[in-house]
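Trainee: I am new to this structure and should like to understand the terms used to describe it. May I ask for the reasoning behind each one?

Mentor: Certainly; let us begin with the structure itself.

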Amino acid sequence: MKEKIKQLKNDFFNEIEKISDLTALEKIEIKYLGRKAGELTKILRQLRDLPVTERQEIGVLANQLKKELAQKIREVFQLLKNQASQSAVFDVTVPGLKPTEGHKHLVTQAIEEIVEIFERIGFSRRRYPEVEWEWYAFESLNMPPNHPARDEWETFFIDLKPVGPKGQRILTPHTSSGQVREMEKGQLPIRMINISKCYRRQIDISHVPMFHQFEGLLIDQQVTIADLKGTLDYFVKQFFGSNRRARIRPSHFQFTEPSFEVDVSCGLCDGQGCKMCKAGWLELGGAGMIHPNVLKAGKVDPKKYSGFAFGWGVERCYLMKAGLSIPDIRMLYQNDLRFLNQF
Ligand code: DAH
């Protein structure tokens with residue numbers, strides 16, 4: 001019996017050294033320690049048939065071996081498990097880690113939406129320089145040097161010498177500077193939507209020194225105010241919602257004649273008047289029929305051609321659409337994700 005136990009021990013250790021996976025380990029466990037037919041279990045069961053003298057000695061040996069085997073099995077089990085987790089470089093069943101998904105800035109979203117709306121009626125997007133000549137921003141728009149109307153634009157001047165009639169270099173304070181640039185291409189008719197960054201020396205809760213405008217310009221033969229009004233209505237319905245209307249009121253700009261202020265009917269009270277609007281209307285921005293002097297500056301014959309233009313703030317439009325009155329417009333550009341994630 002003693003011999004048998006020794007043999008069993010040898011066999012067990014020989015076998016267990018050879019295995020390399022958990023299934024094999026399980027088989028060994030069953031083979032030696034299995035409750036029904038394990039080799040060692042059988043020996044233990046035979047103990048009671050032995051003479052008392054032998055029973056004690058063999059019993060101790062067999063039970064010791066049982067412990068040893070169980071211990072070895074546990075060790076090998078741990079070892080194999082560790083190996084498995086280290087070599088499992090890619091476990092396809094583990095749920096993936098999702099990186100947080102970003103999205104476009106709300107101004108970019110607004111620009112894309114505006115461009116798309118105008119493209120549907122034949123306008124194409126243009127971009128003109130942000131560092132611009134004084135001439136395009138003012139003089140070509142019927143505002144000669146020292147004209148008081150220029151003051152409204154709070155312009156940043158670049159500290160370089162003026163160059164002849166082009167004047168000084170400035171950061172463009174409005175997208176209207178693209179009007180004559182577009183005409184200079186000499187391709188008529190024109191249907192452009194010029195969206196770009198504009199700069200003004202203003203910073204407070206309702207102004208940022210850099211903001212965006214979009215400028216519509218249409219030049220063709222026999223263009224009338226009715227075409228302007230139709231275009232405004234179309235945009236307002238597409239952008240703000242089919243229940244909204246546009247309204248034009250007389251105003252003044254040097255580069256348009258007549259000039260208008262464009263309003264949108266309030267989405268909350270539908271023109272009735274509420275605390276979100278001014279007597280039922282919200283101000284969108286300026287528009288008008290292009291002044292003949294501007295057409296001339298762009299070498300377009302005002303006797304043959306006429307047109308309209310409008311220029312509005314992208315940020316303002318977007319906030320109006322979202323029905324948002326944010327306490328400080330500068331929040332748009334502080335890149336605080338707690339704010340931006342909401343859009
Ligand atoms: N450029 C003007 C501004 O920045 C807005 C504007 C008014 C543009 C009337 C136009 C227009 O094209 O016709 O305040």
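**Cores, ligand and salt bridges**

Mentor: The largest nonpolar core has 48 residues, and F214, F235, F240, L284, F310 and W312 touch the most other members. Helix 5 gives this core its largest share, eight residues. This is a predicted model, in which local features need pLDDT of at least 70 and side-chain atom pairs pLDDT 80 or more, while totals for chains, interfaces and linings use all residues. Residues are numbered from 1 along each chain as its sequence is written, and side-chain values use heavy atoms, without hydrogens and water.

Trainee: What makes a set of residues a nonpolar core?

Mentor: The members are buried Ala, Val, Leu, Ile, Met, Phe, Trp, Tyr and Cys residues joined through side-chain atoms within 4.5 Å. Buried means under 20% relative accessible area, exposed over 50%, and partly exposed in between, with a 1.4 Å probe and protein chains only.

Trainee: Why is F90 called exposed?

Mentor: F90 has 70% relative accessibility; the limit for exposed is over 50%, so F90 counts as exposed. F90 lies in the loop between helix 4 (52-87) and helix 5 (106-119), where helices are DSSP runs of H or I with at least four residues, strands are runs of E with at least two, and both are numbered from the N terminus.

Trainee: What makes the pair K185 and E182 a salt bridge?

Mentor: The rule asks for a side-chain nitrogen of Lys or Arg within 4 Å of a carboxyl oxygen of Asp or Glu. The N to O distance for K185 and E182 is 3.4 Å, so the pair meets the rule. E182, at 5% relative accessibility, is buried, whereas K185, at 42%, is partly exposed. By this rule the count comes to 19 salt bridges.

Trainee: How do you know that Q213 makes a polar contact with the ligand?

Mentor: A polar contact is a pair of N or O atoms within 3.5 Å; within protein, one must be able to donate a hydrogen and the other to accept it, and residues adjacent in sequence count only if both atoms are side-chain atoms. A polar side-chain atom of Q213 lies 3.0 Å from an oxygen atom of the ligand, so the distance limit is met. For F310, a backbone N or O atom lies 3.3 Å from a ligand oxygen atom.
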